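Hi,

Here is the model I promised to send over. Have a look at it first, and my notes on what turned up follow below.

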Amino acid sequence: MMPPMTPYSPSSPSPPRGSIPMSSPKTEEGLNLDSIVESMAQRPEPTTNAKHAPKTATLRIAVLLNSYRSLLLPAIRGSYQRTIGAVAPDAQLAFYEPANRPGEFPNPDYFDLIVLGGGNVDPRKRHPWILEVHEFVRRLVRDYPHKKLLGICWGHQTISSVFGGKIVDAAIPEMGVASVDLTSEGRTFFHEAAALGYFRLQQHHRREVAVRPHGFTALAHSNQCFLGESNAILTFQGHPEKDAETARLRLHDSVRWFGFDALSDEKAWAHLEMLINTPHDGEMVWRRIFEWVREPWTETGATQLKAVLASAEAEKASKM
């Protein structure tokens, strides 16, 4: 790993099955990249170093992609395949799109790990499909307390919300590779990063968790990473699944987020490109995730998380 670096901060804020209709409501992307993303998704997975491959049985992973009618979905799938394949080449991935196919969720019995991935819709919205995702998370905790659930970016925020956390607009959005500073608990959990006290991930978000969810331990400062008390839920604000190739497809967000593009501010654009192309520790993070998947869950912690859900539902009912 390399020394810490500061995320970009502007000086002056200024489908796996079938096709997805194009006459969609506005999302947070707004760029037609069909030919680019399709070619990226079809690229072969990387040749991996055998020392990174798990020595245990094949992992079965369900990935929920929460981008509504996004042209980037093929590229996002490809990025998961490449980054996971670099660490666990035998892993079996299945992709689901609850935003585009309401009610489409994996059967937890079939998977070792369920990933609640990123999205392009404000997680605070009350769209029916978002509420279905909330109920899916609650059902996992109630009926499958041993099942490992991983939240990434939108998933990190959504899981936090379900357990009483608070999501807010970030004062300054983050884009590009940034350091994630570990708490003492995080140093223990991420043993490969313990000596340095941080790791680095791609970031791409303009919302963040302001209040930690109940029943979770902070593994990183600034609410960047949480571990549920049951040891069955792990969440990251950053993107271990995102490589630079995929991150570059969202560079155009700089116009809405920071008020510049390559033509209006060449220096700021070059700095942003540098951050996106900076080496990161996604591979190390995936190795630790797959170790964690094999670790035992705790019944005491699961009982605590169920109590948190019950309390939240009772509070909601009292306000109706």
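Which residues do ring pairs link into a cluster? They are Phe189, Phe190, Phe199 and Phe236. Before the rest, a word on the ground rules: this is a predicted model, where local features need pLDDT of at least 70 and side-chain atom pairs count only at pLDDT 80 or more, while totals for chains, interfaces and linings use all residues. Residues are numbered from 1 along each chain as its sequence is written, and side-chain values use heavy atoms, with hydrogens and water left out.

**Rings**

Aromatic pairs come to twelve in this structure. Rings of Phe, Tyr and Trp (its six-membered ring) pair if their centres lie within 6.5 Å; planes under 30 degrees apart are stacked, over 60 edge-to-face, and the rest tilted. In the cluster, Phe189 and Phe190 make an edge-to-face pair, with 4.9 Å from centre to centre and 75 degrees between the planes. Phe189 and Phe190 are both buried (buried is under 20% relative accessible area, exposed over 50%, partly exposed in between, using a 1.4 Å probe and protein chains only).

Tyr96 and Phe111 are another pair: their ring centres are 6.2 Å apart and the planes sit at 85 degrees, so this one is edge-to-face too. The pair joins distant parts of the chain, with Tyr96 in strand S2 (residues 92-96) and Phe111, 15 residues apart from it, in the loop between S2 and strand S3 (113-119). Strands (E, at least two residues) and helices (H or I, at least four) are DSSP runs, numbered from the N terminus. Tyr96 and Phe111 are both buried.

Two rings also have a charge over them, meaning that NZ of Lys or CZ of Arg is within 6 Å of the ring centre and within 35 degrees of the ring normal. Arg288 lies over the face of Phe189, 4.0 Å from the ring centre. Lys148 has its charged end over the ring of Trp292, at 4.6 Å from the centre. Asn231 touches both Lys148 and Trp292, and its other contacts are Glu295, Pro296 and Trp297, leaving aside residues up to four places away in sequence (contact means heavy atoms within 4.5 Å). You'll find Asn231 in the loop between strand S8 (225-228) and strand S9 (233-236), and it counts as buried at 13% relative accessibility.

**Helices**

How do H3 and H4 cross? The axes of helix H3 (residues 128-143) and helix H4 (residues 154-162) come within 10 Å and cross at roughly 70 degrees. Axes here are lines fitted to C-alpha atoms, for helices over the stretch in contact, with angles running from 0 to 180 degrees between N-to-C directions. That makes H3 and H4 roughly perpendicular; the cut-offs are under 35 degrees for roughly parallel, over 145 for roughly antiparallel, 65 to 115 for roughly perpendicular, and oblique for the rest. The crossing is right-handed (near helix turned clockwise from the far one by less than a right angle; anticlockwise would be left-handed). On the H3 side the contact involves Trp129, Ile130, Val133, His134, Val137 and Arg138, and on the H4 side Trp154, Thr158 and Val162.

H4 has eight of its nine residues buried, so the rest of the structure largely encloses it. Just before H4, in the loop that follows strand S4 (148-152), is Cys153. Cys153 has a positive phi of about 55 degrees despite not being a glycine, and it is buried, at 8% relative accessible area. Just after H4, Gly164 has a positive phi of about 90 degrees.

H3 also meets helix H10 (residues 299-318), their axes coming within 9 Å and crossing at roughly 135 degrees. H3 and H10 are therefore oblique, and the crossing is left-handed. Arg138, Val141 and Arg142 of H3 touch Leu305, Lys306, Leu309 and Glu313 of H10 as a group.

**Two more spots**

Gly186 in helix H5 (residues 184-189) is buried, with a relative accessible area of 0%. Its C-alpha atom is 5.9 Å from that of Ala220, 34 residues away along the chain.

Ser222 lies in the loop between strand S7 (216-218) and S8. Ser222 is not a glycine, yet its phi is positive, at about 60 degrees, and at 65% relative accessibility this residue counts as exposed.

Cheers
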